[in-house]
Amino acid sequence: MAATCARSWAPATPSAGCWRPWGAGRAVLAATAGELRSAAPGELAAFVEHWADADLAVELRHPAFFARGEEERALNRLLQGRGIERICLDSRALFSCNSDDPAVRHAQAKKPRLPVRPTAFSQAPQLRFIGHPELAANDAFMAPWLDKVAAWIEAGRTPMPSCTPRTTAWRRSWRGVFTPS
């Protein structure tokens, strides 16, 4: 599979596209042109076949995988069938911020603005919450996730939430979810 990458990301195989390692067993599939020629199920299956024996979660950024069309349905069937987790990316809080701060503008330019897909295709669902720079502004966006993460735990799953930016207050907000009160 021919692929190119605009950044120095490590491919999954010498000829597979733009996978960036992101922690143990996680990778990001970027939306840049070239990493996949299409969203065809056969090409996707070949793309993930390399990691057939590994626990894997992917953060998808290609708009076709969020359009509620056949490409997204085929992708979900593929990931669920192979036990590959689809990372739940939530950048709504970041994009709710109207700021001229260069750091905020930089973050908004780098982060994807995609619909939220709260899925759990494995025993370790993953959430990547990209927050608002003002901590209190995150509460309304984080509240539904507290219920979702708690439901995953009650179902016997081991969710793996992460937050950008990480703050002490954010970690405290999850403490009651993961430990007894």
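**Exercise 1.** What percentage of the 181 residues of the chain count as buried?

*Solution.* The model is predicted. Set the cut-off: buried means under 20% relative accessible area. By that criterion, 43% of the 181 residues are buried. Turn next to the surface. The chain exposes about 9,500 Å². Carbon and sulfur atoms supply 54% of that area.

**Exercise 2.** State the secondary structure content and the order of elements along the chain.

*Solution.* Count the elements: there are six helices and seven strands. Then read along the sequence: the pattern is β-β-α-β-α-β-β-α-α-β-α-β-α.

**Exercise 3.** Find how β6 and β7 pair, and give the handedness of the unit they make with α5.

*Solution.* Locate the strands: β6 spans residues 126–130 and β7 spans residues 160–164. Five bridges join them, and they run parallel. One pair is Gln 126 with Met 160 of β7. Now add helix α5, residues 139–154. With β6 and β7, α5 makes a right-handed β-α-β unit.

**Exercise 4.** Describe the largest nonpolar core, then a second one.

*Solution.* Start with membership: the largest core has 13 residues. Val 58, Leu 60, Phe 65, Phe 66, Leu 75, Leu 79 and Ile 84 touch the most other members. Assign elements: α1 (41–49), β3 (57–60) and α2 (70–82) each give two or more residues. The top contributor is α2, with three. A second, separate core holds 11 residues, among them Ala 93, Val 116, Ala 120 and Cys 163.

**Exercise 5.** Of the contacts between residues at least 6 apart in sequence, what percentage join residues at least 24 apart?

*Solution.* Take a contact as heavy atoms within 4.5 Å. Keep the pairs at least 6 apart in sequence; 68% of these contacts join residues at least 24 apart.

Conventions. Residues are numbered from 1 along each chain as its sequence is written. This is a predicted model: local features need pLDDT of at least 70, side-chain atom pairs count only at pLDDT 80 or more; totals for chains, interfaces and linings use all residues. Side-chain values use heavy atoms; hydrogens and water are left out. Two strands pair if DSSP finds at least two bridges between them. Helices (H or I, at least four residues) and strands (E, at least two) are DSSP runs, numbered from the N terminus. A crossover is right-handed if, with the strands pointing away from the viewer, the path from the first strand over the helix to the second runs clockwise. Buried means under 20% relative accessible area, exposed over 50%, partly exposed in between (1.4 Å probe, protein chains only). Accessible areas come from the Shrake-Rupley method with a 1.4 Å probe; for residues, only the protein chains shown count as cover. A nonpolar core is a set of buried Ala, Val, Leu, Ile, Met, Phe, Trp, Tyr and Cys residues joined through side-chain atoms within 4.5 Å.
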